[in-house]
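Me: Hi! I would like to walk through a structure with you, one question at a time. Could you take a look at it with me?

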Amino acid sequence: MLDACAELVDEVGYEGLTTTLLAERAEVAIGSVYQFFPDKRAIVQALTLRTMESYLQRLDERFASDDLTHWWDGVDAGIDEYITMHRNVPGFRTLHFGDVVDLHLLDERRDNNGVIADQLARVLAERFGLDVPDLRFHLEIAVEVADALIKLAFRRLPEGDDRVLVEAKALIREYLHRQVDAPADANQSG
């Protein structure tokens with residue numbers, strides 16, 4: 001049912017999605033839909049949680065590889081995975097990490113992008129030994145900016161406007177460099 005939901009969200013959007021359409025697409029009785037989900041919001045929440053778990057698993061796999069030699073490689077991997085999901089994961093371009101349905105889908109105390117920033121801060125600290133004051137805050141700013149610019153790239157072109165995506169990465173890199181590397185460089189020279 002979740003795969004059918006993802007396809008339908010791509011075709012008709014969240015507003016156009018109905019449990020009846022979902023049942024038809026999934027080739028199940030409407031009662032079967034309601035056996036598992038009380039409404040379309042619950043279905044989309046389940047799809048979003050599955051997508052979030054997939055994103056975090058893909059990031060963990062990238063971070064476990066030896067290809068990442070610098071903290072920026074980890075940030076770059078996070079951005080690349082987000083772009084890849086926009087291109088290849090049905091429903092993701094519309095739902096992202098649930099902001100269409102619920103900004104606090106993943107955690108009632110923090111918004112969805114804040115949860116992503118927490119995860120990135122955790123893996124960057126573990127993998128690269130980053131001990132940066134306010135790292136989570138800086139990553140939250142970076143995630144919000146990257147999210148907005150990646151959405152813009154995919155509004156401009158269905159496959160994503162590479163010019164916008166390149167600029168997004170450059171902007172995020174420069175911002176985080178000032179927050180992560182510049183203070184360390186200043187402390188070493190002083």
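Reply: Gladly! One definition to begin with: a residue is called buried when its relative accessible area is under 20%, exposed when that area is over 50%, and partly exposed in between. Please also keep in mind that this is a predicted model.

Me: With that cut-off, what percentage of the residues in the chain is buried?
Reply: The chain has 190 residues. Counting those under 20% relative accessible area as buried, the share comes to 46%.

Me: Which elements does the chain contain, and in what order do they run?
Reply: There are zero strands in the chain, and it has nine helices. Read from the N terminus, the order is therefore a run of helices under the DSSP-based assignment: α-α-α-α-α-α-α-α-α.

Me: What box do the C-alpha atoms of the chain fill?
Reply: The box is taken along the principal axes. Its dimensions are roughly 70 × 30 × 30 Å.

Me: How much of the accessible surface belongs to carbon and sulfur atoms?
Reply: The accessible surface of the chain is about 10000 Å² in total. Of that area, the share from carbon and sulfur atoms is 50%.

Me: And the charges: how far apart do the centres of the positive and negative sets lie?
Reply: The chain carries 36 negative side chains and 20 positive ones. The centres of these two sets are separated by 3 Å.

Me: What does UniProt place at residues 1-55, and what is the helix content there?
Reply: According to the unreviewed UniProt entry, these residues hold the feature "domain: HTH tetR-type". The C-alpha atoms at the two ends of this stretch are 20 Å apart. Its strand content is 0%, and its helix content is 84%.

Me: Where does the record put the "DNA-binding region", and how far apart are its end C-alpha atoms?
Reply: The unreviewed UniProt entry gives residues 18-37 for this feature. In the model, that span is 75% helix and 0% strand. Its end C-alpha atoms are separated by 12 Å.

Me: E27 caught my eye. What is its phi, and is the residue buried or exposed?
Reply: E27 sits in the loop that joins α2 (19-26) to α3 (30-36). Most residues other than glycine have a negative phi. E27 is not a glycine, yet its phi is positive, about 55°. Its relative accessible area is 74%, which is over the 50% cut-off, so E27 is exposed.

Me: Which loop holds D134, and why does D134 count as exposed?
Reply: D134 also has a positive phi without being a glycine, with a value near 60°. Its loop lies between α7 (112-128) and α8 (135-156). D134 counts as exposed because its relative accessibility, 55%, is over 50%.

Me: Let us turn to α5. How many of its residues are buried?
Reply: Helix α5 covers residues 71-88, and its first and last C-alpha atoms are 26 Å apart, close to the 26 Å expected at 1.5 Å a residue. The helix is mostly covered. Of its 18 residues, the number buried is 13.

Me: Why is α7 described as largely enclosed, and what covers its buried residues?
Reply: Twelve of the 17 residues of α7 are buried, so the rest of the structure largely encloses this helix. Among the buried ones are V115, I116, L120, V123, L124 and F128. The cover for the buried residues of α7 includes α4 (40-64), α5 and α8.

Me: Which residue follows α7, and what is its phi?
Reply: α7 itself reaches 24 Å from first to last C-alpha, close to the 24 Å expected at 1.5 Å a residue. The residue after the helix is G129. Its phi is positive, near 65°.

Me: Is G91 buried or exposed, and which residues does G91 touch?
Reply: G91 belongs to the loop between α5 and α6 (92-95). Its relative accessibility is 1%, under the 20% cut-off, so G91 is buried. Leaving out residues up to four places away in sequence, G91 touches A6, V9, D10 and H96.

Me: Finally, how accessible is V145, and which residues does V145 touch?
Reply: V145 is part of helix α8. With 28% relative accessibility, V145 falls between the two cut-offs and so counts as partly exposed. Not counting residues up to four places away in sequence, its contacts are L171 and I172.

Methods: Residues are numbered from 1 along each chain as its sequence is written. This is a predicted model: local features need pLDDT of at least 70, side-chain atom pairs count only at pLDDT 80 or more; totals for chains, interfaces and linings use all residues. Side-chain values use heavy atoms; hydrogens and water are left out. UniProt positions are given in the numbering used here, feature names are shortened, and annotations may be inferred rather than shown by experiment. Helices (H or I, at least four residues) and strands (E, at least two) are DSSP runs, numbered from the N terminus. Buried means under 20% relative accessible area, exposed over 50%, partly exposed in between (1.4 Å probe, protein chains only). Accessible areas come from the Shrake-Rupley method with a 1.4 Å probe; for residues, only the protein chains shown count as cover. Lys and Arg count as positive and Asp and Glu as negative; His and the chain ends are not counted. The place of a charge is taken as NZ of Lys, CZ of Arg, CG of Asp or CD of Glu. The expected span of a helix is 1.5 Å times one less than its number of residues. Contact means heavy atoms within 4.5 Å.
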